[in-house]
Amino acid sequence: MGSGPQSSVGSTAWDGPAIYVEDVHKSFGDVRALRGVDLAVERGTVLGVLGPNGAGKTTAVKILTTLLRPDRGRALVEGRDVARSPAAVREIIGLAGQSTAIQEELTGRENLDIMGRLYHLDRASRRRRAGELLERFDLVGAADRPTKGYSGGMQRRLDLALSLVSHPQVVFLDEPTTGLDPRSRLAVWDVIREMVASGTTLLLTTQYLEEADALANEIVVVDRGTVIASGTSQELKNRIGGDVLQFSVVQRDRRAEALEAVSGLSSAEPLYDEETARISLRVGADGSKALVETVRRLDALGIHPEDLGIRRPSLDDVFLSLTGHGAEQDGDAPKRRGRGRRARIRRER
Ligand SMILES: Nc1ncnc2c1ncn2[C@@H]1O[C@H](COP(=O)(O)OP(=O)(O)OP(=O)(O)O)[C@@H](O)[C@H]1O
Ligand SMILES: [Mg+2]
């Protein structure tokens, strides 16, 4: 159980970052899952660890939650070394892993009760805590039903509730919204925001750029076991420089021509996003010139663009520009050019 923010191993209180990771390596046989990861999370803030499948996100979370030992390097949670003092780390953390901790034959309330027992809470405290969390996660109505009948969103909310039973100071959420529909995702975002508002330090992993954008104070982008960029969402967006021109072409059979027409307008290649049916192009500082030229070229072809405009870069653009590969394909497939699917850190389950 949390014994207050002052607690630390030894006599002096820890005044460094709540989570501190230095040069952590981890291999599984030949697979180098982490190749020297550094990061730091200030107390009371949210770090978003953003990366595609296989980037090493879960491995990092498992090391920080003492489920795996690092091969090399150092990882501290509130000053407690995960390898040397795992029990001290476990006292102050909560984890909602990528696979559920729910026992599906039990009710939501029973699941919370069992978690309370693991933390040696007495019966009255367990009952009180379960009640509080069921309320907070909007599960009161379903509290006494077996969880196997819960929807995906309800199960995820219960998972988050389970991670909070012990009032942890530092919470790890491994892909808290993967597989949820948009409405359930927003509901989970709300409870995550509440957790942060109540002072919890949070590390969350995600493949969703919008999620990191919406929830994280700082973001580290992980690819193939290393941190390839870090900063606030805004800083990352600024890094790629310049604006993005985008438009859509309603006539499906003219999209290839439209792409062709705008290629060469800047040094970047135009991209076609199948999901949104939008064409986009990084245009650097001189967006208005590119805009005028685009209209001229499309007009000459008799193509009428819709929603033509200039926007600031998104994290999508950032990821593509940093890695040069679409995120959904583990990075090994060659980048499909021109009409290639837009890089989007997302996996559908
Ligand atoms: N126990 C294990 N044994 C062997 N290889 C492993 C093991 N755990 C992870 N790996 C490998 O380590 C790499 C990183 O895996 P990890 O699960 O950390 O990625 P991830 O970023 O969490 O991916 P995802 O988004 O799919 O959850 C992958 O290549 C994975 O196959
Ligand atoms: Mg994972």
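**Figure 1. Gly16 sits in the segment before strand S1 (19-28).** This is a predicted model, in which local features need a pLDDT of at least 70 and side-chain atom pairs count only at pLDDT 80 or more, while totals for chains, interfaces and linings use all residues. Residues are numbered from 1 along each chain as its sequence is written, and chains are lettered from A and ligands numbered from 1 in the order in which they are written. Is Gly16 buried or exposed? It's partly exposed, because 13 other C-beta atoms lie within 10 Å. (Here, buried means 20 or more other C-beta atoms within 10 Å of the residue's own, exposed means 12 or fewer, and partly exposed is in between; the C-beta atoms are placed from the backbone.) Gly16 and Ala40 are 24 residues apart along the chain, and their C-alpha atoms are separated by 9.2 Å.

**Figure 2. Strands S2, S1, S4 and S5 make an open sheet.** The order of these 4 strands is S2-S1-S4-S5, and the pairing is antiparallel. (Strands pair if DSSP finds at least two bridges between them.) Strand S2 (31-41) and strand S5 (80-81) are the edge strands, each pairing on one side only. Zoom in on strand S4 (residues 72-77) and you'll find 2 bridges joining it to S5. Val77 stands opposite Arg80 in S5.

**Figure 3. Helices H5 and H6 pack against each other.** Let's pull back for a moment: the protein has 11 helices and 14 strands. (These are DSSP runs numbered from the N terminus: H or I over at least four residues for helices, E over at least two for strands.) Helix H5 (residues 152-163) meets helix H6 (residues 182-197) at an angle of about 15°, with their axes 9 Å apart. That makes H5 roughly parallel to H6. (Angles under 35 degrees count as roughly parallel, over 145 as roughly antiparallel, 65 to 115 as roughly perpendicular and the rest as oblique.) The crossing of H5 and H6 is right-handed, meaning that the near helix is turned clockwise from the far one by less than a right angle; anticlockwise would be left-handed. (Axes are lines fitted to C-alpha atoms, for helices over the stretch in contact, and angles run from 0 to 180 degrees between N-to-C directions.)

**Figure 4. Here are the residues where H5 touches H6.** Gly152, Gly153, Arg156, Arg157 and Leu160 come from H5, and they meet Ser184, Ala187, Val188 and Val191 from H6. (Two residues are in contact if their C-beta atoms, placed from the backbone, lie within 7 Å.) What classes of residue make up this contact? There are 4 nonpolar, 3 polar and 2 charged residues. (Nonpolar covers Ala, Val, Leu, Ile, Met, Phe, Trp, Tyr, Cys and Pro; charged covers Asp, Glu, Lys and Arg; the others, Gly among them, are polar.)

**Figure 5. Another open sheet has the strand order S12-S13-S11-S14.** Its 4 strands pair in the antiparallel sense. At the edges are strand S12 (271-273) and S14, each pairing on one side only. From one strand to the next, the twist averages 25°. Helix H9 (residues 255-262) packs on this sheet, touching S11, S12 and strand S13 (278-284), and its direction makes about 5° with that of S13. Helix H10 (residues 287-301) packs on the sheet too, touching S11, S13 and S14, with its direction at about 20° to that of S11.

**Figure 6. Strand S13 pairs with S11 and with S12.** S13 is largely enclosed by the rest of the structure, because 5 of its 7 residues are buried. It shares 6 antiparallel bridges with S11 and 3 with S12. Which residues stand opposite Ile279 in S13? Phe247 does, and Tyr272 does too. The hairpin of S12 and S13 has 4 residues between the strands, and Ala277 there takes a positive phi near 55°.

**Figure 7. Strand S14 (residues 305-311) lies largely in the open.** How many of its 7 residues are buried? The number is 0, so S14 is out in the open for the most part. Strand S11 (residues 243-249) runs antiparallel to S14, and 5 bridges join the two. Val244 has Arg311 as its bridge partner in S14, and Ser248 stands opposite Glu306.

**Figure 8. Glu269 is found in the loop between H9 and S12.** Glu269 counts as partly exposed because it has 15 C-beta neighbours inside 10 Å. Val283 is 14 residues away from Glu269 along the chain, and the C-alpha atoms of the two are separated by 9.5 Å.
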